[in-house]
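Take a look at the structure below. The paragraphs after it lead through its cavities, its strands and its surface.

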Amino acid sequence: MTSFSSEKTYVGFTTGMQLDRRFTPWWNVSLTADYGQARIGSAEYSDKFFLDRQGVGWYEPPRLDNVDLYRDLYGEVRYASLGAHLNLNVCHLFTRDQAWNNWTILASPAIYGQYFWPRIYSKRDDRRFRDSSGGGLSLGLGGSLSVRYALSKGVALQLRSSASWISNKQFDGIDACDKQRANLLWSNTIGIIFNLN
């Protein structure tokens with residue numbers, strides 16, 4: 001999980017499990033369960049927006065106590081995700097050469113159920129500015145690109161890059177004034193695949 005804020009890029013962590021069911025060498029389906037956490041900050045366009053303690057974002061300073069600029073706050077977001085993927089082995093589209101038998105390249109459209117737990121802190125003293133429910137369970141659409149190399153008949157290494165659109169507009173704990181904003185969750189993972197059949 002990565003956040004591209006105006007001040008710096010924050011890199012978090014993701015861990016998870018994946019269960020695959022292969023039907024042919026060309027395609028299979030998989031279920032994924034992931035948990036991740038990252039620090040997030042404001043984007044450059046929103047540095048001068050204001051946030052109140054109820055999590056409402058404002059373009060102009062509201063007539064309220066306890067407001068702060070987005071740029072003076074940071075968030076910590078934990079998330080859990082369950083995904084259903086259709087995995088298409090595109091390696092077979094390009095070559096039938098025996099030298100590529102150990103390689104698998106998967107393009108995987110997916111649908112996700114996501115849940116977020118955000119907390120917002122002040123940069124000045126690291127005090128908690130706001131807790132939030134994160135908007136509850138939400139839907140995500142996206143996919144991944146995976147490269148696998150079979151070390152043996154039963155074990156393979158996998159590199160996976162996943163991205164999903166987040167439909168939850170409060171995943172970061174902010175009820176933003178900009179309802180049109182788009183948020184993406186991007187994660188890169190390294191894994192070990194065990195073939196059980």
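**Inside and outside the strands**

About 120 Å³ of space lies in the largest cavity. This is a predicted model, and the structure holds 2 cavities of 30 Å³ or more. Rolling a probe the size of a water molecule over the atoms shows where empty space is left.

Start with the walls of the largest cavity. Its lining is made of 14 residues. Nearest its centre lie Asp 34, Tyr 112, Ser 162, Leu 185 and Ser 187. Which strands supply at least two residues each to this lining? They are β4 (27-40), β8 (73-89), β12 (155-166) and β13 (183-194). Of the elements, β12 gives the most, with 4 residues. By class, the lining of the largest cavity has 5 nonpolar, 7 polar and 2 charged residues.

Now turn to the second largest cavity. Its volume is about 50 Å³. Gln 18, Ser 30, Thr 32, His 85 and Asn 87 help to line it. So do Leu 106, Ser 108, Ser 144, Ser 146 and Arg 160. By class, this lining divides into 1 nonpolar, 8 polar and 1 charged. Strands β4 and β8 each supply at least two residues here, and each does so for the largest cavity too. For the second largest cavity, β9 (103-122) and β11 (138-150) also supply at least two residues each.

Next, follow β9 and its partners. β8 and β9 run antiparallel, joined by 15 bridges. Within this pair, Tyr 79 has Phe 116 in β9 as its bridge partner. β9 also runs antiparallel to β11, with 12 bridges joining the two. There, Pro 109 stands opposite Gly 143 in β11. A further partner of β9 is strand β10 (residues 128-131), paired in the antiparallel sense over 3 bridges. Tyr 121 has Arg 128 in β10 as its bridge partner. What do β9 and β10 form? They form a hairpin, with 5 residues between the two strands. In its turn, Asp 126 has a positive phi of about 60 degrees.

Elsewhere, 3 strands form an open sheet. Their order is β6-β5-β7, and the pairing is antiparallel. The edge strands are β6 (57-58) and β7 (68-69), each of which pairs on one side only. Strand β5 (residues 50-51) is joined to β7 by 2 bridges. Phe 50 has Leu 69 in β7 as its bridge partner.

Move to the surface. A nonpolar patch of about 1200 Å² is found there. Its residues include Trp 100, Trp 103, Val 147, Tyr 149, Leu 151 and Leu 157. Leu 159, Ile 190, Ile 192, Phe 194 and Leu 196 also belong to the patch. The elements that give two or more residues to it are β11, β12 and β13. The most come from β13, with 3 residues. Leu 159, for its part, lies in strand β12. In a regular strand the side chains alternate between the two faces of the sheet.

Charged pairs come last. The count comes to 3 salt bridges. One of them links Asp 20 with Arg 148. Their closest N and O atoms are 2.5 Å apart. The pair links distant parts of the chain, 128 residues apart. Asp 20 is in strand β3 (residues 13-22), and Arg 148 is in strand β11. β11 thus appears in three places: it supplies at least two residues to the lining of the second largest cavity, gives two or more to the nonpolar patch, and holds Arg 148.

Definitions and conventions. Residues numbered from 1 in each chain as written. Predicted model: local features only at pLDDT ≥ 70, side-chain atom pairs only at ≥ 80, totals over all residues. Heavy atoms only, no water. 1 Å grid on protein atoms, 1.4 Å probe; cavity = no way out; pocket = protein on both sides within 12 Å on 5 of 7 lines; lining within 4 Å. Points joined across faces, edges and corners; volume = space filled by probe spheres on them. Nonpolar A, V, L, I, M, F, W, Y, C, P; charged D, E, K, R; others polar. Pairing = 2+ DSSP bridges. Patch = residues over 30% accessible without salt bridge, like charges linked within 9 Å, V, L, I, M, F, W, Y side chains within 5 Å. Areas by Shrake-Rupley, 256 points an atom, 1.4 Å probe, with all protein chains shown as cover. Salt bridge = Lys/Arg side-chain N within 4 Å of Asp/Glu carboxyl O.
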